[in-house]
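Thanks for making time. I will go through one structure and keep to what can be read from the atoms.

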Amino acid sequence: MSVRVRFAPSPTGTLHLGGARTAIYNWAFARRNAGVLVLRIDDTDPERSTAENTEQILRSLRWLGVDWDEGPEVGGDHGPYFQTQRGPAYADALERMKSTGNAYPCFCSPDELAAKRDLARSAGGFSGYDRTCRDAAGAHERVAAGEPHVWRLAVPLGRGPVIVDDAVRGATEFPIEAMDDFVLARSDGSPTYNFATVVDDATMEITHIIRGDDHLANTPRQILVFEALGHAVPAFAHLSMIWGADGKKLSKRHGATSVEAYEEMGFLPQAMLNYLALLGWSLDGETTIVPPEVLKATFSLDRISKNPAIFDPDKLEWMNGAYLREMGDGEFVDAIAPWLIRAGLTTAQDVSGRRDWYRALAPLIAERVKRLDEVAEKVRFFFEEPVIDEDTRDKVLAKEGAPEALQAAADALEACDFTASSIEEALRLVPEAVGVKPKVAFQAVRVAVTGSTVSPPLFETLELLGKQTSLARIEAARVLLSQPRI
């Protein structure tokens, strides 16, 4: 049977990093095995599930580059792909289980059930449902009369233990004696999670279930439902949780936890995909840069670790910077353009009209940023007149020999061809000509044209600014020096 996997988020919030990793693993496994990824929306929590959350989840998946073969927006032969639209499938499955005796009605009230649990716990015994209604006489008549009831699974007590043969954690055995006859359908007819998810996985012909290990406790119950429905049990792979650096489950106290937040902070989707994939899986134990195409070609369940993964924001930033540095100039321009436009520094028309200028800017910046949201401030001086604060003026421009170096630099730049190599050749003569150290002369010019002691390479910066702007800024700095401090 060909591989069919599913990612089934609940649209009760944004796409969490842990959910995104689960989606990535399912996607990579499907692609590696020429299989199918089904996206199913488990929207059965009516109070918290929203269309806006669903759209945000889809948008985050698309941003990461995770595409699906069946599900919302693409359709498929196993829909609907929203649980709230799958009521007939659950009703049909429940009727089949009733007819085979695998489901029975329970008329115990919530208060009665609570009393039973309290009594069992006080006696130190099994606190699960005591099967009062399993063989109760007159059940059919009571159902027909409209007496409130739920439907429970008739756990096969003569069966041996339920064994979860997990691809990550190995075999885990659950004694059948510890399994109670859990509820399949509530009194209003709505399915419980453990019933609905099995019906969905069975009817969608899912072959492998890759999900977080917080679902491991549900798995033996779900296996019993698969068996009761007469469906083959899928293979399971349960992923360990993602922890923060403090060894606790990743949460907001560790910083941003949603994919959308990292997009807004200027991370690249391919870097985010790469980093999340490595939170529990490895290519060979050493390789850290794993592009999407490599991940799709090499991913396997046997390389998933059963140990919790540690989320390290610093490593994520390093990886994002590595991807930025590997971009071609044109690709880098495309990546930074929206951020420059959003900052009000340029327009789409300017980026298009001066494409070569922006491509020349790219290598000067790519080596100096780790996130796209850092770019605007680093290049602002190219688009706006720099502001030189008093501290920088006093420490750099007013330093002994700096004013003379500015004048000599202006004279040298006025006479040279305005290319980086010519600019460097001309400015290299300035320190000796005015009797100052190169650092004094070059920092004075740097501050004059950029407003800061830290900038992209000076000679290339001057070339991109152009002769007229560069000379005007040097002159403005000299005028600033001539004015008394306020």
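I will start with one residue, lysine 296, which sits in helix α10, residues 292-298. Keep in mind that this is a predicted model. Is lysine 296 buried or exposed? Neither, strictly: its relative accessibility is 22%, so lysine 296 counts as partly exposed. Apart from neighbours within four places in sequence, lysine 296 is in contact with Trp27, Ala28, Arg31 and Arg32. Lysine 296 also lies 8.2 Å from alanine 30, C-alpha to C-alpha, with their positions 266 residues apart in sequence.

Now the interior. The largest nonpolar core has 112 residues. Which of them touch the most other members? Those are Tyr25, Leu61, Leu295, Phe299, Phe311, Phe332 and Leu427. Helix α1, residues 17-32, supplies the largest share of this core, with nine residues. Apart from this core there is another one of 34 residues, including Leu153, Met204, Ile206 and Val225. As background, nonpolar side chains in soluble globular proteins tend to be buried together.

Take Phe332 from that list. Leaving out neighbours within four places in sequence, phenylalanine 332 contacts Leu324, Met327, Ala362, Ile365, Ala366 and Val369. That brings us to a helix pair, α12 (residues 329-342) and α14 (residues 355-366), whose axes come within 9 Å and cross at roughly 90 degrees. The two helices, α12 and α14, are therefore roughly perpendicular to each other. On the α12 side, the residues that meet α14 are Asp329, Gly330, Phe332, Val333, Asp334 and Leu340. On the α14 side they are Arg355, Tyr358, Arg359, Ala362, Pro363, Ile365 and Ala366. Sorted by class, this contact between α12 and α14 has eight nonpolar, one polar and four charged residues.

Next, two covered helices. Helix α6, residues 193-203, has nine of its eleven residues buried, so α6 is largely enclosed by the rest of the structure. The buried ones are Asn194, Phe195, Ala196, Thr197, Val198, Val199, Asp200, Asp201 and Ala202. What do the buried residues of α6 pack against? They pack against β1 (4-7), α3, β7 (183-185), β8 (208-212) and α7. After α6 comes glutamate 205, with a positive phi near 60 degrees.

Helix α7, residues 219-229, is the other one: nine of its eleven residues are buried, and α7 is mostly covered. Its buried residues are Thr219, Pro220, Gln222, Ile223, Leu224, Val225, Phe226, Ala228 and Leu229. One of these, Val225, is also among the residues of the 34-residue core. α7 is followed by glycine 230, and the phi of glycine 230 is positive, near 80 degrees.

On to the backbone. Most residues other than glycine have a negative phi, and most peptide bonds are trans. Where are the exceptions in the loops? In the loop between α2 and α3 we find glutamate 73, with a positive phi near 75 degrees although the residue is not a glycine. Glutamate 73 counts as exposed, because its relative accessibility is 55%. Proline 80 is in the loop between α2 (51-64) and α3 (87-99). The peptide bond from glycine 79 to proline 80 is cis, with omega near 0 degrees. Arginine 131 is another non-glycine residue with a positive phi, about 65 degrees, and it lies in the loop between α4 (110-122) and α5 (139-144).

Then the cysteines. How many disulfides does the structure hold? Zero. Cysteine 106 is in no disulfide, and the nearest cysteine sulfur, that of cysteine 108, is 3.9 Å away. The cut-off for a disulfide is 2.5 Å between the sulfur atoms, so that pair does not qualify. Cysteine 106 is buried, with a relative accessible area of 2%. Cysteine 416 has a relative accessibility of 11% and counts as buried too.

The last residue is threonine 392, in helix α16, residues 390-397. Threonine 392 has a relative accessibility of 14%, so it counts as buried. Not counting residues up to four places away in sequence, threonine 392 touches Leu397, Val447 and Thr453.

That is what I have. I will take questions now.

Definitions and conventions:
Residues are numbered from 1 along each chain as its sequence is written. This is a predicted model: local features need pLDDT of at least 70, side-chain atom pairs count only at pLDDT 80 or more; totals for chains, interfaces and linings use all residues. Side-chain values use heavy atoms; hydrogens and water are left out. A nonpolar core is a set of buried Ala, Val, Leu, Ile, Met, Phe, Trp, Tyr and Cys residues joined through side-chain atoms within 4.5 Å. Buried means under 20% relative accessible area, exposed over 50%, partly exposed in between (1.4 Å probe, protein chains only). Helices (H or I, at least four residues) and strands (E, at least two) are DSSP runs, numbered from the N terminus. Contact means heavy atoms within 4.5 Å. Axes are lines fitted to C-alpha atoms, for helices over the stretch in contact, and angles run from 0 to 180 degrees between N-to-C directions. Angles under 35 degrees count as roughly parallel, over 145 as roughly antiparallel, 65 to 115 as roughly perpendicular and the rest as oblique. Ala, Val, Leu, Ile, Met, Phe, Trp, Tyr, Cys and Pro count as nonpolar, Asp, Glu, Lys and Arg as charged, and the others, Gly among them, as polar.
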